[in-house]
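Reader: Please take a close look at one part of this model, the packing of its helices. I would like a connected account rather than a list.

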Amino acid sequence: MIATSAPNLELILQDPNLSPALRKIAEKVQAEERISFEEGVLLYEEAELGYLGALANFVRERKHGDKTYFNRNFHLEPTNLCVYTCKFCSYSRLIKQKDEGWTYTIDEMLDQVKAYDGQPVTEVHIVGGVLPHMNLQFFKDLIGKIKAHRPELHIKAFTPVEYYYMFKKAKVSYEEGFRHLKEAGLQSMPGGGAEIFDETIRDIICGDKCTSQQWLDIHETAHNMGIPSNCTMLYGHIESYAHRVDHMERLRSLQDRTGGFNCFIPLKFRSQNNEMSYLGEVGVTDDLRNYAIARIYMDNIAHVKAYWPMISQTTAQLSLAFGVDDLDGTINDTTKIYSMAGSEEQNPALSTYDLVQMVRSVGRKPIERGTTYEIINDYSEKDPPKPQGFMELPVINN
Ligand code: V47
Ligand code: SF4
């Protein structure tokens, strides 16, 4: 087995050529001190990949050792039509081409949930476009029916983009809206819709949907009502490094107030089939640097997740040496929002057995978790069942 290991922090500190500013950051990280906004920008501008890996891996192992989490979930996308027009989104033009889109009824979505009956999934992740008839009552009914059918399935649903629209339309406060959905069975929120908080950039790439402040306020309200959530950042488009640090700063300070974020998920901008295609995409090195800086900067968010269907299994494995400790899940192939934008994995289903081997092969310990990181199965020593039809070939030694 070859472990992907980043350079050790002690070795970094012994380097006589390390600049005083980068040495100070490394010493702060070692002493569990928080780094500043300016230091965050400096990391993007000046730090080498090996240095970033050493610091991020130090933080990751201090928090989690070799543990690498994943969960068994599936995605439900109520519609791919949307009233909004985010320029990076491969859905955004479809509102003008309704024939190419889909809109499911509650019963159709319930049938999709029932297709997982008897399978050991623990979470349904519900997110999609925004449409007027998919209002608060519609989603309350959907959540209630899923819960009635499968009470133990954790419901992680909707982003502030959907919440802002449905609460406003129903003329209810954020608290009241969440109270309805919580009663129906809502348990947590995914991290989407954050994009980049800087208002100038947000205006250009997704100016018509909820503002940065509304996104943050809705998460804060949810946290205060006992609904934890994830957070994301869409990077690698027209934003600057300072915009990325500003984004993480706003998340870090909300987390100081509520402690409600479970994990941070950096989302690399994928360029196919959208109005920003001309920008192209950043490379793997930028992805790894970004994971590492996120891990170093947001000292108060427990987990950093790599969404492997977007970045390929190989980059996901590498990311485990650059601050990442979570690989999302074994998911089905209905997550069309990414495959349409050009994700690495066009059919992103991976069996638990495969995911466990993927984590082990880079020297980490695979742990199946629930949505809130409770341990469901520790696979560091034992194997999950092999998928049906699995055929192991004999190893031939010459
Ligand atoms: O907000 C849309 C992003 C997000 C593109 O919480 C794109 O567990 C890249 O937030 N290139 C929604 N990204 C998905 C999301 C998510 C994903 C996985 C897990 C969790 C979680 C949350 O997808 C949107 C937007 O930032 N997105 N288009 C694109 N072209
Ligand atoms: Fe709609 Fe979300 Fe796409 Fe924006 S990113 S157009 S809100 S589906």
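Author: Angles between helices under 35 degrees count as roughly parallel, over 145 as roughly antiparallel, 65 to 115 as roughly perpendicular, and the rest as oblique. The axes are lines fitted to C-alpha atoms, for helices over the stretch in contact, and the angles run from 0 to 180 degrees between N-to-C directions. Helices (H or I, at least four residues) are DSSP runs numbered from the N terminus.

This is a predicted model, in which local features need pLDDT of at least 70 and side-chain atom pairs count only at pLDDT 80 or more, while totals for chains, interfaces and linings use all residues. Residues are numbered from 1 along each chain as its sequence is written, chains are lettered from A and ligands numbered from 1 in the order in which they are written, and side-chain values use heavy atoms, with hydrogens and water left out.

Start with helix H2 (residues 20-30) and H3, which pack at an angle of about 120 degrees with their axes 11 Å apart. H2 and H3 are therefore oblique to each other. Their crossing is left-handed, that is, the near helix is turned anticlockwise from the far one by less than a right angle; clockwise would make a crossing right-handed. H2 contributes Ala21, Leu22, Lys24, Ile25 and Lys28 to the contact, and H3 contributes Glu39, Leu42, Leu43 and Glu46; contact means heavy atoms within 4.5 Å. By class, the contact of H2 with H3 has 5 nonpolar, no polar and 4 charged residues. In this scheme Ala, Val, Leu, Ile, Met, Phe, Trp, Tyr, Cys and Pro count as nonpolar, Asp, Glu, Lys and Arg as charged, and the others, Gly among them, as polar.

Glutamate 39 forms a salt bridge with lysine 28, with the closest N and O atoms 2.8 Å apart. Because glutamate 39 lies in helix H3 and lysine 28 in helix H2, the pair ties together parts that are 11 residues apart in sequence. The whole structure has 22 salt bridges (a side-chain nitrogen of Lys or Arg within 4 Å of a carboxyl oxygen of Asp or Glu).

Helix H3 (residues 37-46) also packs with helix H12 (residues 284-297), at an angle of about 160 degrees and with the axes 10 Å apart. H3 and H12 are therefore roughly antiparallel to each other, and their crossing is right-handed. Phe37, Gly40, Leu43 and Tyr44 of H3 meet Arg289, Asn290, Ile293, Ile296 and Tyr297 of H12. That contact has 6 nonpolar, 2 polar and 1 charged residues.

H12 packs in turn with helix H4 (residues 49-64), at about 45 degrees and with the axes 8 Å apart. That makes H4 oblique to H12. H4 passes H12 in a left-handed crossing. The residues of this contact divide into 9 nonpolar, 1 polar and 4 charged.

Key: Helices (H or I, at least four residues) and strands (E, at least two) are DSSP runs, numbered from the N terminus.
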